[in-house]
Structures are given as structure tokens and as C-alpha cells.
Amino acid sequence: MGGRIPEDIIDKVRDEVAIEEVIGHFVPLQRKGSSYWGCCPFHTEKTPSFHVHPERQIFYCFGCQRGGGVFRFLMDKEGMSFPEAVQWCASRIGLDLTRFLESEREGPDPRGPVFEANRWWAEWAAERLNSPAGEAARNYARQRGLHPETIEGFGLGYAPADGRELVESARKADISEEALLAAGILGRKEGRAPFAYFRSRIIFPIRGVAQKIHGFGGRILGPGEPKYLNSPETPVFHKRRTLYALPEARAELVRTRSAILVEGYLDAIALHQAGWKNTIATCGTAFSAEQAQVLRRYVDRMVLVFDGDRAGQKAAYRSADVALGVGLDVRIVRLDGAKDPADLVQSGEEAYLQGAIEQAPGLVVCMAREVEQRGGGRELKERALQHLKSLIAKVEDPIRGELLLQEAAEVFQVPSQILRPGSAQRTGASGAKGGGTPAPVTSELESSLLRSAMASRTARRLLMERIDSTAFGDPSAIEVFELLRDLNEERESIEIADFESASAGAQSLAARLLRERPGEGFDAVAEIQTRLRGWEAQREKDQRQAQTQELDLRYASGDQSWREELRRKAEQLKREDHPTDSDHTAQRGDEPQ
């Protein structure tokens, strides 16, 4: 039958399931005569106007005029697809639709053993958490303020340091070694016996929207690296497409049309426990376009609540770029100090966090505030505007893109036309010599940086720490850079399959760079360090030249109030670019003897 539920089966499920019982699972209902009434789950109201009619198998709200049948209710309330809604109702009447939902292929779903291994290990790890061996993990959860019912609800577990018990328990449960390896629960190095992938860690099961466990995250207890470890890519777990706590948050996401995105599993759990039920988290990677597309099915607005340190704020800006690109309205919370959301909840600062979420500004205002806080320099402002211009060009919705453009022009007090995609631009950060034709980075240099980053995870990390996407002029190079940034922690080398979601231009560039990638013996880290030093030196020289030209022009205009200062600054900049012997002598004379 291959993935399609027959119409007669759909009719059977619709006829046999009690709509008042299904809706009553989500909404308190009171019987009045032959109907049921309650407060509408789709809008806020005090007087019940939500009507369920069992005989006709429909619901209707006289307040917001939303109505339909039992499947429509689940699709609107829980964000289910139509097959998911039918399957959910079928399970209520004891009907198994698995055979209709399998894909077109011979034999059973090959992912079945992986899902079964994940289910078994999640239960096994939960048992270990509650055993004497799990005391350190229980203490950690308690120290982070998690309640027992929260721990149970999110299915937290513990992976012991010794993996031998895992292998023996799996054998007794008839879970094959092959399934454990395919699920990433066991790992294997060439020529060696399998080993437990997670050891001495508190475990966070990661579920899909159908509540099946797709993978796991683990935080180490005590010293050691990495601090957080996620399941490897498996037939059922893809980090770039998965959002942690999505099943738990889905109903609230649909109801509020708003999401709170945090960085860590504990942040998401802590916020759920404190009442922010629409919180979700990434799974150990930067927020990706695939995750944004998933979230776009449920919400229109996203509030980013990342750590208060510099790294957290940079991650928030990157995530905002991705979300705006798919049409989400984005707000950014800037937390005081280096606290994360879980810290604030644990220290009783929920009121502060609530205010920060409610008053969170958009990306444009956040960037303008940061420019001001860091001194308001010309270079900082120009980099912010270049970043916004690049972002505006990626926004798919032309209306939203135009609104973002107008907001940026108003906040930064610049003409809107300079932010319009495709418009000519002046640049002091990395412009060309003399004539003024902009050349932010040469094509050869762009290619070299990206080619080296593709060859080594360490080189990628170094590149991401030193520059951002505004350093590139070619849109395809920008897209490749951003995809590499998201893949930074995935594995050592990059393959063309990693760019399957990219534009045609980015795929073409990536394919060329991979073909040109040097062979064994190539030191990607050394190459990228050399290229970055050259790029930074050229950028600084271009900045000085552009600033000198501007100062000379203002000096020549006869602006008396600035005249002497402009002359002094121009001379200083020229001296830095062409130091004299006397300058070197003076510098040596200042050195301590």
C-alpha cells in the first residue's frame, strides 16, 4: 500500500473515535445537553464559547470561528500532519496503521531496529539514573534545580563509566550489536571491539514529533572533554534537522505561534519547568536552515535566549540571520553577565527573564546597540550595515525584506538605497586601492580560505573564530562559509553531500573547491593562518587609506572646527603606513632598558 492510508480506514477511524474524548484530552469540557462546552484552545477567553458536537463529530468556536472535525483539531492544536492525526486517533481505538504508513519498499522499515534500540537504551539509562550508580547524575540534576517529575517527564538517564554492563544487558534484551552500532549507542574503532559511546554522562533523549527517540545528548559528570556529546548521525538522527523538546513544546508553539530558542538541553528543560512551555533547543550545532523550516510550520515569531557571554551573543546573531531568511519574526534577549537561562531560573530570576523576553528587540536594534556600546566607530557601523545588507538580500518574503531594510535605514540613519541588494557600495573595511571599486576579498583569497576550511575541522574552527560572513563579497562564498560554520563540529572533512540544501551557485563553488582540495601532507591550519594574516594586513592598510582619504577631503573643505584635528589624524595615519627612521628610533627609545 506504500505510505497511503486507505479512505475506508480513515472513515472507520473518524466514525469510531469519540471526538469529545480526543478534544477532552487537551481541553477541559463540560457537558450541556447533547453537546460539550469549554474555553477555546485557539484564543484567550474567560467565557466558554468552544462547542463540541459528538453526534455530528465536529467542533466550533463562536469566538474565533475556528472549527472542523477531529483530525483538523489535532492538526491545528498539536501541529500534526494529517497521517499523524489519523494514526493518533487510530491508536485510541486500538487500530494499528503501521503497515499503511511504511514507505514504498520491499520488507520492513530498516529504521525499525534503530528506533527499538533507542527506546530500549533510554529505558535502560533511566533505570541506571535511579540506581546507586546514578547518584552523581541525580545530584547534578538536583543541583541544577530539576524536579523529579521534570526528570521523569523528559526521560533523563545515566550512562555508567563501564560499558560492559550495557553490552550484557542488551544481549539479554535481544537487542543486537548491529542495532546498537547503527543507533550510535555503541561505537567502534577499526580493529577493536565495540565500546559504549556515552560514558559517565547524564543522558537527554531526543524525540521526534511522533515521540519516537531519534538520538541522545550527554553531559559529562566531572572533568573531561567534550563537555557535551551528541549521538552521531544515524539513519534516524540528523542534528541539523532536529530540535530538542519539540514534542513537549509543540502544542504551546501552535497555540502562541511563538517559540523560545535556547542553546542547551538543560536550558530548555529548566524553562519548561518554570512555565515557558514553548521552549526548544538546538542539538549541539548552530541553528540551521533546516531547523528553521521545521519551526516555521508551527510559529511566526522566535525569541532567542542564548548565554550572556560574547560567544552566546554571536550565536544569537547567526541564528537570527537564519530565522529571518525563512520569514520568521526574530527577537533577541541579551542576558546580563555570563549567565545562561537555566542559571536565571535556578537563582529565582524568572521575573527578570520574563521582562527580558517581553521587551526583546529585533536584530537591527540589537546590532545598533552593540555598535554604540563598543564605541560607535565608523568601521563597526559599516560592518553592521554590510551584514544587514547581505541578510536583506536573503530574505525570501519581499515585504518582510523591505520592512527590514527600512528599519535598518532608520535605526542607523543612512539612506535606504545603500542597503538595497545589488546597489553599489563604498567600503573602507576592505575596498580596492585607488579607484574605489569595491573588492571586499579577492576571489582567489576567498577560495583559498574556504578550500582550507574544507580540509580540516581545526582549520574551520580557526576561520570561524577570526572572521564572519561579512568578510566575503561573493554571495556563493558567503553561503558556503555559513554552511561550513554549521558543520564545524560534525567531522574532520567535508563532502559534496553536505551542500545538498545549498543554492546552485554555492553547490557549484563547493564542488570546485572540493576538486581542488590538496592531497595528503597539506597543512590546512598553517595555510589558513598565513592567508588570514595576509587578509588582515591588507584590510588594515585599506582601512587606513580610506580613512586618510576621507580626512583629507574634510580638511580641504575648510571645516575650521575640525581642521587641526583632521590634519593631525591624517599625518598619524600616513606615518603608520610609511614609518620613518625617526619613528623607529623614537620607538626604541621608549623601550625599557
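This tour proceeds through the structure stop by stop, stating at each what to select and what is found there.

The model is predicted, so local features are restricted to pLDDT of at least 70 and side-chain atom pairs to pLDDT 80 or more, while totals for chains, interfaces and linings use all residues. Residues are numbered from 1 along each chain as its sequence is written, and side-chain values use heavy atoms, with hydrogens and water left out.

**Stop 1: the parallel sheet**

Select β12 (258–262) and β14 (301–305), then add β13 (279–281) and β15 (329–333). Helices (H or I, at least four residues) and strands (E, at least two) are DSSP runs, numbered from the N terminus. These four strands form an open sheet in the order β13-β12-β14-β15, with parallel pairing. Two strands pair if DSSP finds at least two bridges between them. β13 and β15 stand at the edges with a single partner strand each, so one side of each is left without a neighbour in the sheet. From one strand to the next, the twist averages 30 degrees; axes are lines fitted to C-alpha atoms, for helices over the stretch in contact, and angles run from 0 to 180 degrees between N-to-C directions.

Now look at β12 and β13, which run parallel and are joined by three bridges. Valine 262 stands opposite alanine 281 in β13. In general, strands of a sheet pair through backbone hydrogen bonds, either parallel or antiparallel.

**Stop 2: helix α16**

Select residues 350–358, which form helix α16. Its residues Leu353, Gly355, Ala356 and Ile357 are buried. Buried means under 20% relative accessible area, exposed over 50%, and partly exposed in between (1.4 Å probe, protein chains only). The buried residues of α16 pack against β12, β14 and β15, and also against α12 (265–273) and α15 (341–346). Contact here means heavy atoms within 4.5 Å.

**Stop 3: the nonpolar cores**

Select Phe287, Leu295, Ile332, Leu363 and Phe412, the residues with the most contacts inside the largest nonpolar core, which has 47 residues. Helix α14 (residues 310–325) supplies the largest share of this core, seven residues. A nonpolar core is a set of buried Ala, Val, Leu, Ile, Met, Phe, Trp, Tyr and Cys residues joined through side-chain atoms within 4.5 Å.

Which residues does leucine 295 touch? Leaving aside residues up to four places away in sequence, leucine 295 touches Leu243, Leu253, Ala259, Ile280, Phe287 and Met302. Apart from the largest core lies another, of 37 residues, among them Ile206, Phe237, Ile260 and Val305. In soluble globular proteins, nonpolar side chains tend to be buried together.

**Stop 4: salt bridges**

The structure holds 23 salt bridges, each defined as a side-chain nitrogen of Lys or Arg within 4 Å of a carboxyl oxygen of Asp or Glu.

- Select arginine 331 and aspartate 329, whose side chains meet in a salt bridge (3.0 Å, N to O). Arginine 331 is partly exposed at 24% relative accessible area, and aspartate 329 is partly exposed at 23%.
- Select arginine 119 and glutamate 116, which are joined by a salt bridge (2.5 Å, N to O). They are separated by about one helical turn because they lie three residues apart in helix α6 (residues 112–129). Arginine 119 is partly exposed at 34%, as is glutamate 116 at 33%.
- Select glutamate 382 and arginine 378, a salt bridge in which the closest N and O atoms are 4.0 Å apart. These two residues are four apart in helix α18 (residues 378–394), so about one helical turn separates them. Glutamate 382 is buried at 14% relative accessibility, whereas arginine 378 is partly exposed at 36%.

Add Glu123 to the α6 pair: salt bridges that share partners join Glu116, Arg119 and Glu123 into one network.

**Stop 5: backbone exceptions**

Most residues other than glycine have a negative phi, and most peptide bonds are trans. Select glutamine 57, in the loop between β3 (50–53) and β4 (58–61). Glutamine 57 is not a glycine, yet has a positive phi of about 60 degrees; the residue is buried, with a relative accessible area of 17%.

Next, select alanine 245, in the loop between β11 and α11 (246–256). Alanine 245 likewise has a positive phi, of about 70 degrees, and is buried at 3% relative accessible area.

Finally, select glutamate 225 and proline 226, which are joined by a cis peptide bond with omega of about -5 degrees. Proline 226 lies in the loop between β10 (213–220) and β11 (228–230).
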